[in-house]
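Here are some notes for a colleague who has not looked at this structure before. They are best read with the sequence and the 3D view side by side.

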Amino acid sequence: MASDVSIGVPSELDLLSHKRSMQYIIPDRPWLNLYGIRVQPIAPFGSASSQPFYDPALIHRVLPDELLFEVFSWMKPFTLGRASCVCRKWKYTIRNPCLWRAACLKTWQNSGTEMNYHIVQTLFDGSWRKMWVYRPRICMDGLYVSRNTYIHTGIPEFKFTKTVHVVCYYRYIRFYPSGKFLYKISSSKLREVVKCMHFRAAKSDCVFKGDYLLTDDEVESALVYPGMRYTLLRMRLRLRGTVVGANNRLDLLKILTTGVDKNELKNRDNILSLVDGWEEDESHDPDVPAVSHSRGMTPFVFVPFEEAETSVLNLPVEKMDYYVPG
């Protein structure tokens with residue numbers, strides 16, 4: 001019996017004829033015309049060269065040199081170094097001394113403008129870019145982290161067993177160009193602490209503010225722990241890097257805690273000016289003697305803010321039993 005409902009199925013020939021009649025939109029791809037064309041080096045923005053040049057790159061045809069330089073002026077020095085590897089035009093434009101001069105004057109603003117100009121002329125042949133690479137500097141776009149562990153004896157369960165615990169804690173430091181720094185000791189991981197390392201941190205976060213001074217490759221820092229008995233913490237650190245210009249390590253040379261009189265802290269914005277000239281065993285509070293610490297001297301490792309979530313320092317103790325910061 002034939003069905004009352006019939007469904008029309010188009011044949012293969014009808015489908016092919018329909019596809020042939022369709023019109024496709026082919027976008028214009030001008031960069032395909034640039035394959036095989038060797039780009040000649042051109043003069044950077046602001047050059048005194050008067051020779052005309054023709055740049056075949058599409059982005060350089062539509063983007064003026066002035067606008068390209070303005071974009072580079074908003075980049076960080078590390079991003080500028082990566083952008084200089086894109087092409088020759090960007091490499092020569094990024095070598096403009098104005099970009100590196102602004103970065104140097106901001107980083108070493110405590111030295112003063114005249115002193116920075118004198119240093120770049122006498123030590124770095126007038127090159128601000130060379131000064132940025134070879135002069136010791138503190139990285140400001142992240143945290144310096146020191147991971148410390150020690151063995152703590154627990155309570156034995158039986159006479160023939162002895163319980164021990166591995167205790168892990170971290171020291172966190174964040175530096176600012178103004179000569180201030182933030183310091184925190186905590187057992188919390190890096191991804192948690194990075195959220196509160198700022199001047200608006202609450203008292204419960206236990207983030208303390210201090211002052212530092214960079215001299216060559218050594219950092220002198222001092223801060224005061226508030227409380228019923230004020231305690232002064234002094235640290236001496238040395239800058240170094242795993243590669244030239246990295247400055248991603250801080251060796252902890254000395255940690256000293258000592259007592260300080262509460263009246264001495266009044267009307268003092270800089271704590272380093274208070275301890276200038278103090279001896280290592282000098283204490284201004286008889287209840288808080290001067291103590292030079294020899295434990296917890298693990299070097300600091302610099303971690304940028306964009307790597308705080310994925311850093312190896314977030315691993316638990318059982319997964320990072322042996323870690324050498326370098």
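The points below take up strands, aromatic rings, pockets and a few single residues in turn.

1. Status of the model. The structure is a predicted model, and the points that follow should be read as describing that prediction.

2. Strand β6. This strand covers residues 231-240, and 7 of its 10 residues are buried. It is therefore largely enclosed by the rest of the structure. On one pairing, β6 runs antiparallel to strand β5 (residues 218-225), with 8 bridges between them. Within that pairing, V219 has L237 of β6 as its bridge partner.

3. The turn between β5 and β6. These two strands form a hairpin with 5 residues between them. G227 in this hairpin has a positive phi, near 155 degrees.

4. From β6 to β7. Strand β7 (residues 249-259) is also antiparallel to β6, and 10 bridges join the two. Two bridge partners can be used to find the register in the view. R238 is matched with D251 of β7, and L232 is matched with T258 of β7.

5. Surroundings of β7. How many of the 11 residues of β7 are buried? The count is 9, and the strand is mostly covered. Besides β6, β7 has an antiparallel pairing with β9 over 2 bridges, where R249 stands opposite V301 of β9. It also pairs with β8, again antiparallel, through 3 bridges. In that pairing I255 is opposite H293 of β8.

6. The loop between β6 and β7. N247 is located in this loop. Its phi is positive, near 55 degrees, and it is a residue other than glycine. Is N247 buried or exposed? Its relative accessibility is 8%, so N247 counts as buried.

7. A second residue with positive phi. D125 is not a glycine, yet its phi is positive at about 55 degrees. The residue sits in the loop between α7 (113-122) and α8. With a relative accessible area of 64%, D125 is exposed.

8. Aromatic pairs. The count of aromatic pairs comes to 11. In one of them, the ring centres of Y144 and F175 are 5.7 Å apart and the planes lie at 80 degrees, so this pair is edge-to-face. The pair links distant parts of the chain, since Y144 belongs to strand β1 (residues 142-153) and F175 to strand β2 (residues 164-175), 31 residues apart. Y144 and F175 are both buried. Ring pairs also connect these two with F181, Y212 and F302 in a cluster.

9. A charge over a ring. R137 places its charged end over the ring of W132, at 4.0 Å from the ring centre. W132 comes up again in the next point, as one of the residues closest to the centre of the largest pocket.

10. The largest pocket. This pocket holds about 1,300 Å³ of space. It is lined by 41 residues, and those closest to its centre are K76, P77, F78, W132 and D141. Which element gives the largest share of this lining? That element is α6, with 7 residues. The elements that each supply at least two lining residues are α3 (65-73), α4 (77-83), α5 (88-94), α6 (97-107), α8 (128-134) and β9 (300-304). Sorted by class, the lining has 24 nonpolar, 10 charged and 7 polar residues.

11. The second largest pocket. Here the space is about 340 Å³. The lining has 18 residues, with W108, S111, R135, L214 and T215 nearest the centre. Strand β4 (residues 208-215) contributes the most to this lining, namely 4 residues. The classes are 11 nonpolar, 4 polar and 3 charged residues.

12. E280. This residue lies in the loop between α10 (272-275) and β8 (291-293). Its relative accessible area is 40%, so E280 is partly exposed. E280 and T257 are 23 residues apart in sequence, and their C-alpha atoms are 9.2 Å apart in space.

Note on methods
Residues numbered from 1 in each chain as written. Predicted model: local features only at pLDDT ≥ 70, side-chain atom pairs only at ≥ 80, totals over all residues. Heavy atoms only, no water. Buried < 20%, exposed > 50% of the residue type's maximum accessible area, 1.4 Å probe, protein only. Pairing = 2+ DSSP bridges. Phe/Tyr/Trp six-rings, centres within 6.5 Å; stacked < 30°, edge-to-face > 60°. Lys NZ or Arg CZ within 6 Å of the ring centre and 35° of its normal. 1 Å grid on protein atoms, 1.4 Å probe; cavity = no way out; pocket = protein on both sides within 12 Å on 5 of 7 lines; lining within 4 Å. Points joined across faces, edges and corners; volume = space filled by probe spheres on them. Nonpolar A, V, L, I, M, F, W, Y, C, P; charged D, E, K, R; others polar.
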